[in-house]
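Grab a coffee and work through these short exercises with the viewer open. Try each task yourself before reading the solution.

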Amino acid sequence: MRKINLLIICLMLFLITSCTTTTSYKVTFKDIDGNIIETKNINSGESLNFPAPPKVEGYKFIIWEKDSSSTSNNIMYNATYERLMFKVVFYDLNNEVLETQEVYYGETAKDPSDKLELNNYLFLGWDKDFTS
């Protein structure tokens with residue numbers, strides 16, 4: 001009976017120690033310029049909490065994208081952004097669309113005043129500034 005109890009205890013110890021092996025991962029998060037903003041160590045089975053993406057003027061955050069150079073134990077995520085674009089609409093004297101332009105944040109729309117048909121009017125300028 002003692003041999004059976006000893007065998008059961010040994011088997012239980014073996015199962016307990018073999019189940020506690022975990023794999024650890026180093027997870028690195030990089031900003032738009034490739035600078036490290038955070039590094040975390042997580043174990044297999046743990047959920048990964050992504051950090052708040054850094055705000056970048058003129059850009060909209062899209063997703064944390066897994067870096068293709070990641071290895072099995074070292075994982076890198078890059079912040080992916082999309083450049084903001086705006087629609088600029090110019091109207092003529094009759095409030096009809098003269099021209100529509102798509103302009104990236106920080107860039108200037110092109111002045112379409114050369115396309116105006118003035119017919120005895122003097123063009124003094126646009127009612128709003130459209131330069132960056």
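**Exercise 1.** Find out whether Arg83 is buried, partly exposed or exposed, and which residue its side chain pairs with.

*Solution.* Keep in mind that this is a predicted model. Start with the accessibility: Arg83 has a relative accessible area of 33%. Since partly exposed covers the range between 20% and 50%, Arg83 counts as partly exposed. Next, look for its partner: the side chain of Arg83 meets that of Glu107 in a salt bridge, at 3.0 Å from N to O. Now place the two in the chain. Arg83 sits in strand S4 (residues 74–83) and Glu107 in the segment after S6, so this pair ties together parts 24 residues apart in sequence. Glu107 is partly exposed too, at 39%.

**Exercise 2.** Track down the other salt bridges, given that the structure holds three.

*Solution.* Side chains of opposite charge can pair when their charged atoms come close. Begin with Lys115, which forms a salt bridge with Glu99, the closest N and O atoms being 2.3 Å apart. Lys115 belongs to the segment after S6 and Glu99 to strand S6, so parts 16 residues apart in sequence are tied together. Then check the cover: Lys115 is partly exposed at 47%, whereas Glu99 is buried at 16%. Move on to Lys40, whose side chain meets that of Glu38 in a salt bridge (3.7 Å, N to O). Glu38 is partly exposed, with a relative accessible area of 28%.

**Exercise 3.** Work out what lines the largest pocket and the second largest pocket.

*Solution.* Take the largest pocket, with a volume of about 310 Å³. Its lining has 16 residues, and Tyr91, Asp92, Leu93, Leu116 and Leu118 lie nearest the centre. Sort the lining by class and you get 10 nonpolar, two polar and four charged residues. The second largest pocket has a volume of about 170 Å³. Among its lining residues are Val89, Tyr91, Trp126 and Asp127. By class, that lining has six nonpolar, no polar and two charged residues. Finally, look at the surface: Val89 and Tyr91 join Val97 in a nonpolar patch with about 250 Å² of accessible area together. Val97 lies in strand S6 (residues 97–104).

**Exercise 4.** Check the backbone at Asn119 and Asn120, and say how exposed each residue is.

*Solution.* Read off phi: Asn119 is near 45°, a positive value in a residue other than glycine. Asn120 also has a positive phi, near 70°. Asn119 lies in the segment after S6, and so does Asn120. With exposed meaning over 50%, Asn119 at 61% counts as exposed, and Asn120 at 86% is exposed as well.

Notes: Residues numbered from 1 in each chain as written. Predicted model: local features only at pLDDT ≥ 70, side-chain atom pairs only at ≥ 80, totals over all residues. Heavy atoms only, no water. Patch = residues over 30% accessible without salt bridge, like charges linked within 9 Å, V, L, I, M, F, W, Y side chains within 5 Å. Areas by Shrake-Rupley, 256 points an atom, 1.4 Å probe, with all protein chains shown as cover. Salt bridge = Lys/Arg side-chain N within 4 Å of Asp/Glu carboxyl O. Helix = DSSP H or I, 4+ residues; strand = E, 2+ residues; numbered from the N terminus. 1 Å grid on protein atoms, 1.4 Å probe; cavity = no way out; pocket = protein on both sides within 12 Å on 5 of 7 lines; lining within 4 Å. Points joined across faces, edges and corners; volume = space filled by probe spheres on them. Nonpolar A, V, L, I, M, F, W, Y, C, P; charged D, E, K, R; others polar. Buried < 20%, exposed > 50% of the residue type's maximum accessible area, 1.4 Å probe, protein only.
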